[in-house]
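Trainee: Have you got a few minutes to go through this one with me? I'd like to start with the core and then jump around a bit.

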Amino acid sequence: MRSIWNGAISFGLVSIPIKLVNATESRSVSFRQIHTEDGGRVRYKKVCELDGEEVPQAEIGKAYEDADGTMIPITEEDLASLPLPTAKTIEIVAFVPAGDIDPLQMDAAYYLSANGVPAAKPYTLLREALKRSEKVAVAKYALRGRERLGMLRVVDDVIAMHGLLWPDEIRAPEGVAPENPVSVREAELDLADALMATLGEVDMSTLHDDYRTAVEEMIAAKAEGGEGVAPPATGEESGGGQVIDLMAALENSVRAAKQARGEEDGDGEGEGKGRAAVTPLKPRASRAPKATDAKKSTSKAAAKKTAAPARKSTSKTAAKKATTKSTATTKSTATTKSTATKKATATKKTTAKKATPRKRTA
């Protein structure tokens, strides 16, 4: 691999000559701009705003634009004269645990290669020291005209360096989190945990860019005189901003993930293989406020209508019972009175008979 920078690692009083090599490369498919009328390529030209003439690269310099629009020319000699101790040196300033480095600071990655036979011994020493300490080195270096921050760590048998953004280059996440307070239920967290356990881990080397593959296939088909690749059939597009049933979505996600891994079929078989078992929960039906009010008013009206005849029938029944009771009471009273009258009459007759003196017969 071609080196892009030569310098040395400053490790205390130890200097390690190294070469800097790009550790990453872009595999994205690049396109050119063309004139759609005739297919001619469209190029950018660097033109001077004052005279309108195209300027060759050899005549292009640097300048700093002041607040009022004034251009302040800056030459390479001006930059070279600045006191920059890390111009050709990766200066290690500290060793810290890898967890102390915020991933948001990660930038470009490089491999550091020992430059020459004498550099092999100190290079190996630093590599093994990093391995044993289980720490990373924080360093300063200069590249492309500016001082930068870096992190050195061991990858296999090579020292790699990640360019880091300066701490003041990381923006605070203000206004990013949801503004309205949201509560999450334990059941939802349990399903989220089950989904995470079902998806499990992945071998990073197996991941690839499906879009780039599709673009390359499309280009190959058009190069052979075809019309490209037919778009894949998709289901109905769902509108954005829809309110979803989170519990149902989590349950379906867990089920789909298990089926994709062959752990269960549609009937839910395959549980008990070390994965989290999920008990489907009944999703809550979404209710519209207007429809609910209408249903409530309808049910109340129906209840009133049903209750009205019931009251009438109840009052009629009560009236009949009262009439029956009064009739029975009247009859029993009359019967009692007549019986008492008869008894009294009989008693009077008996008393009169007893009171009448009998005549003696001579």
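Mentor: Gladly, and keep in mind throughout that this is a predicted model. The largest nonpolar core has 20 residues, and those with the most contacts inside it are I9, I18, I90, L112, L152 and M161.

Trainee: Which elements give two or more residues to this core?

Mentor: Those elements are β1 (3-11), β2 (14-22), β5 (89-97), β6 (106-114), α2 (120-133), β7 (135-143) and β9 (158-164). The element that gives the most is β7, with four residues. As general background, nonpolar side chains in soluble globular proteins tend to be buried together.

Trainee: Let's pick I18, then. What does I18 touch?

Mentor: Leaving aside residues up to four places away in sequence, I18 touches W5, N6, G7, A8, I9, I90, L112, S113, N115 and Y123. Among these, I9, I90 and L112 also appear with I18 in the group that has the most contacts inside the core.

Trainee: And zooming out, what does the whole chain look like?

Mentor: The chain has six helices and nine strands. Of its 362 residues, 16% count as buried. If you take the contacts with a separation of 6 or more, 59% of them are accounted for by residues 24 or more positions apart.

Trainee: Switching to aromatics: how many aromatic pairs are there?

Mentor: The count comes to one aromatic pair. F11 and F95 form that pair in an edge-to-face arrangement, with 5.9 Å centre to centre and 70 degrees between the planes. Because F11 lies in strand β1 and F95 in strand β5, the pair ties together parts that are 84 residues apart in sequence.

Trainee: So why don't F11 and F95 count as buried?

Mentor: Buried means under 20% relative accessible area, and F11 has 23%, so F11 is partly exposed. F95 is at 36% relative accessibility, so F95 likewise counts as partly exposed.

Trainee: OK, new topic. How do β3 and β4 run, parallel or antiparallel?

Mentor: Strand β3 (residues 62-65) and strand β4 (residues 71-74) run antiparallel and are joined by four bridges. One of the residues involved is A63, whose bridge partner in β4 is P73. The hairpin of β3 and β4 has five residues between the strands, and in this hairpin G69 takes a positive phi near 90 degrees.

Trainee: Which residues other than glycine have a positive phi?

Mentor: Two that I can point you to are E134, with phi near 55 degrees, and D156, with phi also near 55 degrees. E134 has its place in the loop between α2 and β7, while D156 lies in the loop between β8 and β9.

Trainee: Are those two buried or exposed?

Mentor: E134 is exposed, with a relative accessible area of 69%, and D156 counts as exposed at 67% relative accessibility.

Trainee: Last thing, pockets. How much space lies in the largest pocket?

Mentor: About 320 Å³ of space lies in the largest pocket. The pocket is lined by 15 residues, and L79, L84, A87, G145 and R146 are the ones that lie nearest its centre.

Trainee: Which elements give two or more residues to that lining?

Mentor: They are α1 (76-80), β7 and β8 (146-155). The largest share of the lining, three residues, comes from α1. You have already met β7 as the element that gives the most to the core, and β7 turns up again here in the lining of the largest pocket.

How values were computed. Residues numbered from 1 in each chain as written. Predicted model: local features only at pLDDT ≥ 70, side-chain atom pairs only at ≥ 80, totals over all residues. Heavy atoms only, no water. Core = buried A, V, L, I, M, F, W, Y, C linked by side-chain atoms within 4.5 Å. Buried < 20%, exposed > 50% of the residue type's maximum accessible area, 1.4 Å probe, protein only. Contact = heavy atoms within 4.5 Å. Pairing = 2+ DSSP bridges. Phe/Tyr/Trp six-rings, centres within 6.5 Å; stacked < 30°, edge-to-face > 60°. 1 Å grid on protein atoms, 1.4 Å probe; cavity = no way out; pocket = protein on both sides within 12 Å on 5 of 7 lines; lining within 4 Å. Points joined across faces, edges and corners; volume = space filled by probe spheres on them.
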